[in-house]
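Let's take a friendly walk through the charged groups and the nonpolar interior of this protein.

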Amino acid sequence: MPKEEQEYAESCRVGVRVPPFYPEKPALWFAQLEGQFVLSNISSDTTRFYYTIAQLEPQYAAEVEDIITSPPTSGKYDKLKAELIKRLSASREKKVKQLLTHEELGDRKPSQFLRHLQNLAGPGVPEDFLKTIWSSRLPQGTQTIIASQLKASLEELADLADRIHDVVPSYQHVASTSHTPPDSLVATMERQIAALTEQVRTLSTEVRRSRATRQGRDKNRSSSRHRRRSHSTRSASNYRNHPLCWYHTKFGGKAKCCVKPCDYSGNDAGGR
């Protein structure tokens with residue numbers, strides 16, 4: 001029996017578990033595939049080649065159509081692997097270039113536009129880089145507000161941008177299609193941005209006042225407790241100079257209060 005047929009029979013017996021193709025990291029996918037070849041004792045170049053092309057989805061098979069339709073007489077698998085990795089990498093660079101130079105907000109909501117950019121960029125593009133690209137394509141007024149949110153996550157910024165978009169959707173559309181929006185529209189946008197800014201300022205003022213009020217109440221409670229403590233006892237030097245407290249000195253036996261220590265005769269144990 002030819003070697004290819006023996007390997008095919010062995011693979012059917014063992015079962016080659018080919019992972020789903022991962023176009024973002026084709027080299028990783030080939031490493032996993034080759035691990036399955038080792039487990040199944042598949043070493044034939046031809047068997048590996050045809051197993052691989054059988055797992056490629058049409059859009060990725062199209063990247064190496066010339067090799068699939070006219071494979072070399074030897075080294076078919078290695079040639080297919082090298083070219084697929086190289087060409088998919090070039091295709092990814094093209095996507096990132098498109099992300100950088102061609103994509104605009106259009107009539108999408110900011111969060112929809114962000115998801116579109118994330119899909120183009122793939123998992124390898126840093127979030128900060130993607131945030132810069134995304135925010136730079138938003139209308140100027142939205143950019144100003146987004147830039148002020150230093151601690152917000154990208155998802156929170158997208159939600160905030162959507163809320164701004166809901167307030168002024170018409171300007172968003174004009175800003176994405178024209179560099180010279182009407183003066184009246186610019187004025188409207190400026191008024192709305194000013195209103196949003198004033199709302200933020202008002203909320204900040206209310207937070208500061210609320211904090212100051214709480215601090216004042218805490219200070220008053222602390223002072224009140226201190227006064228109560230100071231009125232309920234006297235210092236040793238005060239006692240030595242005035243054996244009777246102020247209440248018994250002034251009212252004698254009619255005093256309804258007593259600040260200890262006090263030597264008034266009616267107190268138990270000398271009032272101490």
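What follows covers salt bridges, the nonpolar core and two charged surface patches in a predicted model.

**Salt bridges**

Across the whole structure, a search turns up 7 salt bridges. A good place to start is E83, in helix α6, which spans residues 76-101. What does E83 pair with there? One partner is K79, with the closest N and O atoms 3.6 Å apart. Another partner is K86, where the closest N and O atoms are 3.4 Å apart.

The helix helps to explain both pairings. E83 and K79 lie 4 residues apart in α6, about one turn of the helix. On the other side of the pairing, E83 and K86 are about one helical turn from each other because they are 3 residues apart in helix α6.

Is E83 buried or exposed? Its relative accessibility is 12%, so E83 counts as buried, the cut-off being under 20%. Its two partners can be placed in the same way. K79 has 40% relative accessibility and therefore counts as partly exposed. K86 has a relative accessible area of 52%, so K86 is exposed, the cut-off being over 50%.

Helix α10 holds another pair, D159 and R163, which are separated by about one helical turn because they are 4 residues apart. Their side chains meet in a salt bridge with an N to O distance of 2.5 Å. D159 is partly exposed, with a relative accessible area of 40%, and R163 is also partly exposed, at 46%. Back in the E83 group, salt bridges with shared partners join D66, K79, E83, K86 and R87 into one network.

Here are the three pairs described above, side by side.

| Salt bridge | N to O distance |
|---|---|
| E83 and K79 | 3.6 Å |
| E83 and K86 | 3.4 Å |
| D159 and R163 | 2.5 Å |

**The nonpolar core**

Now to the interior. The largest nonpolar core has 20 residues, and those with the most contacts inside it are L114, L117, W134, L138 and I146. Which elements give two or more residues to this core? They are α7 (110-121), α8, α9 (140-148) and α10. Of these, α10 provides the largest share of the core, with 6 residues.

**Charged surface patches**

Two of the helices that feed the core turn up again at the surface. E127, D128, E155 and E156 form a negative surface patch. Both α8 (127-136) and α10 (154-167) supply at least two residues of this negative patch. Take D128 as an example: this residue sits in helix α8. With 60% relative accessibility, D128 is above the cut-off of 50% and so counts as exposed.

The opposite charge gathers elsewhere in the sequence. R208, R209, R211, R214 and R217 make up a positive surface patch. One of them, R209, is found in helix α12, which covers residues 183-232. R209 counts as exposed because its relative accessibility is 59%.

**Pulling it together**

Helix α10 is a handy thread to follow through the model. The D159 and R163 pair lies in this helix, the helix gives 6 residues to the largest nonpolar core, and it supplies at least two residues of the negative patch.

Notes:
Residues are numbered from 1 along each chain as its sequence is written. This is a predicted model: local features need pLDDT of at least 70, side-chain atom pairs count only at pLDDT 80 or more; totals for chains, interfaces and linings use all residues. Side-chain values use heavy atoms; hydrogens and water are left out. Patches are made of residues with over 30% relative accessible area and no salt bridge: like charges are joined within 9 Å, nonpolar side chains (Val, Leu, Ile, Met, Phe, Trp, Tyr) within 5 Å. Accessible areas come from the Shrake-Rupley method with a 1.4 Å probe; for residues, only the protein chains shown count as cover. A salt bridge is a side-chain nitrogen of Lys or Arg within 4 Å of a carboxyl oxygen of Asp or Glu. Lys and Arg count as positive and Asp and Glu as negative; His and the chain ends are not counted. The place of a charge is taken as NZ of Lys, CZ of Arg, CG of Asp or CD of Glu. Buried means under 20% relative accessible area, exposed over 50%, partly exposed in between (1.4 Å probe, protein chains only). A nonpolar core is a set of buried Ala, Val, Leu, Ile, Met, Phe, Trp, Tyr and Cys residues joined through side-chain atoms within 4.5 Å.
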